[in-house]
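Hi,

Here is the structure I promised to pass on. Have a look at it first, and then read my notes below.

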Amino acid sequence: MTGSGEHAGRARGRLARLLVDASNRALATADGRVSGVYLPSATPGLLRLAVLVGLPGPLFKPWWQLHVKQPFPVADAYRLGVQVALANATETVRRYPQLAAGLPFQFGSLYVPVPGARSAMGVLTVLRPAATDAADELPDPDALVPLAEDLGAGLRLLADGDEGAVVWDGEPLCARPHSAAPVPWPVGRFTWDPATSAVTADGGLHDLLGVRAGELTGTGEALAQALAPADAHRITAALAETAAGRPPPLPLHVRTDDGTPRLLELWAPEQSSGTSPVRGLVLEPGTATSGDAAADPLPQGVLRLDRLGVVGYANPAAARLLGQERARLLGRPFGDVLPWLSRPPYEDHLRGALLSPEPVHFHVRRPGDGDGDWLALSLHPDPDGLTCTVVPANRMDPAADTHVDLPPAEPVQGDPVDPSIAPLYRPIALAIALTDAVTARQVSEVVMRELLPAFGGRRLAIYLLQERHLYLAWETGFPQGFLAPFDGVGLDAHLPGVETLTTGRPIFFESMQQLNACYPGIPLDATEGARAFLPLIASGRPVGSCILGFERNRGFSTEERTVLTALAGPIAHALEKAQRYDSEAALARGLQQALLPRRLSAHPRVETAGRYLPGTQGMDVGGDWYDVVEAGDGLALVIGDVQGHGVQAAATMGQLRSAVRAFALGDRPPDEVMSGTNRLLIDLDPGQFASCCYLRLDPATGAARVARAGHPPPLLRSPDGRTRVLDLPGGVVLGVDPRAQYPVAELTLEPDAILALYTDGLVERPGTDIDAGIGALRVALARAGAAAGRRGGRSLSGVADRLTSTARHATDRPDDVALLLATRRTAAVRPR
């Protein structure tokens, strides 16, 4: 969002309330456990989680930010503008294996784009209990559409009509879900008037503070002193900020003089001007209800966590077993008081219990003197939180536990290592993502998206080995031109990026000073920051080097070094495969360019224009082709598409093109052209099939005869501007049935009408029906033809450029594209 100072603060406060309200409504509508909203970041192509309701923020940290091209449902909903509904873990694994690798639990999820004027402004997300195989158990995502539309309208108001101006670049705001269940702790409510500083309190707050009704009067400062004298300044500051429309992160954790924890939640009206009343809620989780108190004498430990991970109850046995004072546990997030449970793999157990209804059981070694004590923990979830039981497990066989305890990492220069910075699932997620990457560029993009967020890195460089020299294949985050002197260095250079490959050992530097001490005189791109140099070696063969850079000095724990070293292996294999692919793709591109027509046959009364665009995903080049051939005293217009990609598809395309040209030069009828080409493809037996559309045109009269073999229907724009899809009869694709018949249809091409033949790569989009793509092309042809008419009707080439403009600028074309346009002129066309 734009703006600064007080105005920006109020706007951000309104945005926070809008997002939290939408997320809570989505929870209720979809019977969810967790909800949130993703908004675009100021960094192009990056989505950030703006609000999270119903789950402790640190447990969701690996998904705080996502790239719009990552194969995740949030990214698809935002980029494609489609709803995504995943009923359970089975469907999640099938459609989004990377998400399933990171969240391997039984839950369902819904993702609805937040509509803007031209594109999505964000994504509304709900995680809920998994549905069974019965389809009717998953709520219809359409139920969330009105909520997403309301949220979109609110975001547009906040942006003052500036589409896409609402961005989020901080950590997510974590909010407590609205619950229909009664709060299990003592609760009091109050209203504070910032204009007069007068406080009005309910009976619950009087009871909580131990005063009689009517005795709690006075100012906000007096209320703060009564709630928590030592934290009174924090409370008064929070009241003032909320009144001004800039609510601080809530709830606010405070403590009384005797150590009793209290939680303070504040909110103000939507249009807060600094004088609007502030409403407050005070919770005292340190006071047990009668039900909780019944667990006090039990020998096993019992804890109660709410949906945000705040400890609301702990019996004496739990405090003793966990090695904490009971008063220190109560009212605080579990991650603050039990940091050894806030790291892999234990955080996975907590995530699983909060997302799915099944109990979770695991063993953990409590840090302490010597080997520490083994504890058996059981997490029992319900809609409002977790009940956790703890019992000693020292007599268990440690070998039976599959989880390894992770000792605290040693801090470096006062900068503590984040224990959850390298989740154990990252090798799996990276390996899954690499399976879809084909080119070296795609592999590098995957590494950038997966590796940098996982380890908090900001810079990445990948070098590939060619003829005993390292050449820069990818960089991001480094100053412009800094890496240029290192491009093409030989393997005898005294550089860490070279020596990590020649020795096969990763090299880690905790600071730039450390790097400079080992390699004196080496140019440095920053005054501080850690660096990791990883050798990329595939099956003993050197492939290149990977450099990971950080903005700050930091250490690398044993686990991080192990994970980074392990990740270098699949990256190297993927890059080696990509290099082989690049060689084959270059051969296929050369073959295809040689087989496509360099120029189209011309006629004085007919103008034609052709376009071909290779795909940018997969094998890049395919078997699409077009041609214009002299056929007696007429012209044959042909377009086709061989199934598959690569050298084989290009070779088959060349054979079919030659066959069709031979039949056309003999002026054979369209049905015979199709039948003869079909039998030829079956005799060749390349294991492929092809679609084709063949049209024989009489330039003098405009009479045309057409045969189709499983190809998309042509489009025709009449001189008056009417544009329609020609619903012509057709036969099966070529190469399937040797007895297939191909009916012939007749039509007339009037002067200045435009005929369009195309392949499916121009009209197919993931997640949408091909008919919708054909309809969009029909509209585009109508508009492009009108624009050409305004310029004198002599720009068929311009029409072709307009129709392929979107595909030409797309960076993620899954298929190649071919287009052939033709028009008759009343006057002779000047030969080109």
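A quick word on names before we start: helices (H or I, at least four residues) and strands (E, at least two) are DSSP runs, numbered from the N terminus. This is a predicted model, in which local features need pLDDT of at least 70 and side-chain atom pairs count only at pLDDT 80 or more, while totals for chains, interfaces and linings use all residues. Residues are numbered from 1 along each chain as its sequence is written, and side-chain values use heavy atoms, with hydrogens and water left out.

Let's begin with the holes. Rolling a probe the size of a water molecule over the atoms shows where empty space is left. On a 1 Å grid over the protein atoms alone, a cavity is a set of points where a 1.4 Å probe fits but cannot get out, and lining residues have an atom within 4 Å of a point. Grid points are joined across faces, edges and corners, and the volume is the space filled by probe spheres set on the points.

How many cavities of 30 Å³ or more does the structure hold? There are five, and the largest has about 250 Å³ of space. It is lined by 21 residues, with Leu483, Phe486, Ile522, Phe533 and Ile547 the closest to its centre. Helix H16 gives the most to this lining, three residues. H16 (residues 496–503) also has buried residues (under 20% relative accessible area, 1.4 Å probe, protein chains only), namely Pro496, Gly497, Val498, Thr500 and Leu501. Right after H16 comes Gly504, with a positive phi near 75 degrees.

The second largest cavity holds about 150 Å³. Of its 18 lining residues, Tyr38, Phe60, Tyr111, Thr125 and Leu127 are the closest to the centre. Strand E1 (34–40) is among the elements that give two or more residues to this lining, and E1 has the largest share, with four.

What are the linings made of? Ala, Val, Leu, Ile, Met, Phe, Trp, Tyr, Cys and Pro count as nonpolar, Asp, Glu, Lys and Arg as charged, and the others, Gly among them, as polar. The largest cavity has 17 nonpolar, two polar and two charged lining residues; the second largest has 15 nonpolar, three polar and no charged ones.

One last spot is Asn315, in the loop between strand E14 (311–314) and helix H10 (316–322). Is Asn315 buried or exposed? Asn315 counts as buried because its relative accessibility is 0%. Its C-alpha atom is 9.3 Å from that of Pro299, 16 residues apart along the chain.

Cheers

Conventions
Buried means under 20% relative accessible area, exposed over 50%, partly exposed in between (1.4 Å probe, protein chains only). On a 1 Å grid over the protein atoms alone, a cavity is a set of points where a 1.4 Å probe fits but cannot get out, and a pocket is an open set with protein on both sides within 12 Å along at least five of seven lines; lining residues have an atom within 4 Å of a point.
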